[in-house]
Amino acid sequence: MAGSKRIRTAGALLVNGGSRCAGRVEVHYRGQWGTVFDDDWDNLWDLPDATVVCRELGCGTAVSAPRRAHFGEGSGPIVTLSVKCSGTEAALRDCKSEQWDHYPYPHSSDAGVICSDHRYPRLTYGDSPCSGRLEIQYVETWGTVCDLDWDLKDANVVCSQLQCGVAVSVPRYAHFGEGTGLVRTDIFECTGNESSLLDCRLFQGTQQECSHRNDASVICSGQNGPRLVDGTNRCSGRVEVLHGDQWGTLCDMYFDLEDANVVCEHLQCGTVTSIPGGAHFGKGAGPVWKESYRCRRNETR
């Protein structure tokens, strides 16, 4: 192998860690994404290396540099090894390492990073994967969130991040039971359109009355929606349904009053008042799902 040198690359990203600020390190080289090999006895993947990745991604500082494919094995080539950063570089591409190439080494030694800005939500003790007590992972510690400043806009981001549709309700006072451990008093100020809690403004709260009796809860519409878009409020608009990671609209030829009533019930929006046709709330941009729902009005979703 050639000696240490610097190489220009398209950048780094973190994969499979729950947010863009934690995960397996992947870098782009010669038109292909690959991983970083950490198994070198003379130069182990360490915090200075991880710190540069966090800085490059705007994720604060590194708090951990997990090794041995902690975030799962990648599938592309090994791009580099023997990375040696001082910790002051602006990007991983500025660090010294072995010659960049597409190495056929095993992915059992893929390097990982956890940055200080890592925030990842989960919902626990609900009646589905898309409802429950809100818990957020900060770095490597899980904690609940005080519900005093928690609202539907904040919850909508959690539902989006978990691919659970849109927020339907934010029950208060530990609706899904009291958690254990740390109660975070952080105040999220989300617009509701962010794709991750990382993108919301965050303030450190000082609510003295916060305890596990105030654990925040979230109820999302579910992993295939529905949601109402471009209406005058959250209970009116164009009907969209999520399949996989893609939102699509429904053809109004197959959509009737009974179906609409179930949408309103699902979103906790009361009963339907009208179902205007002809793309009344504007045309969608994704696929048009050609499903025909045969609801009887007594379903809850």
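A residue counts as buried when its relative accessible area is under 20%. By that cut-off Y103 is buried, because its relative accessible area is 12%. Everything here comes from a predicted model, and Y103 makes a handy way into its aromatic contacts.

Across the whole structure, a search turns up four aromatic pairs. One of them is F37 with Y105, a tilted arrangement with 5.0 Å from centre to centre and 50 degrees between the planes. This pair bridges distant parts of the chain: F37 belongs to strand β3 (residues 32-37), while Y105 sits in the loop between β5 (78-81) and β6, and the two are 68 residues apart. Y105 also pairs with Y103, with ring centres 5.4 Å apart and planes at 10 degrees, so this pair is stacked. Taken together, the ring pairs tie F37, Y103 and Y105 into a cluster. As for solvent, F37 is buried, with a relative accessible area of 10%, whereas Y105 comes out as partly exposed at 29%.

Rings also meet charges in this model. The charged end of R122 is placed over the ring of W142, 3.8 Å from the ring's centre. R227 does likewise with W247, lying over its face at 3.8 Å from the ring centre.

On to the strands. β7 (residues 119-125) and β8 (residues 131-138) pair in the antiparallel sense, with seven bridges between them. A hairpin of five residues makes the connection from β7 to β8, and Y125 has G132 in β8 as its bridge partner.

Further along, four strands make up an open sheet in the order β15-β16-β17-β18, and the pairing is mixed. Its edges are β15 (227-230) and β18 (288-289), each of which pairs on one side only. Within this sheet, β16 (residues 237-243) and β17 (residues 246-250) run antiparallel and are joined by four bridges. V241 faces G248 of β17 across that pairing. As a rule, side chains in a regular strand alternate between the two faces of the sheet.

Among the helices, α1 (residues 47-57) has a buried stretch consisting of D49, A50, T51, V52, V53 and C54. The cover over the buried residues of α1 includes β1 (12-19), β4 (62-64) and β6 (112-115). Right after α1 comes G58, with a positive phi near 65 degrees.

Notes. Residues numbered from 1 in each chain as written. Predicted model: local features only at pLDDT ≥ 70, side-chain atom pairs only at ≥ 80, totals over all residues. Heavy atoms only, no water. Pairing = 2+ DSSP bridges. Buried < 20%, exposed > 50% of the residue type's maximum accessible area, 1.4 Å probe, protein only. Contact = heavy atoms within 4.5 Å. Phe/Tyr/Trp six-rings, centres within 6.5 Å; stacked < 30°, edge-to-face > 60°. Lys NZ or Arg CZ within 6 Å of the ring centre and 35° of its normal.
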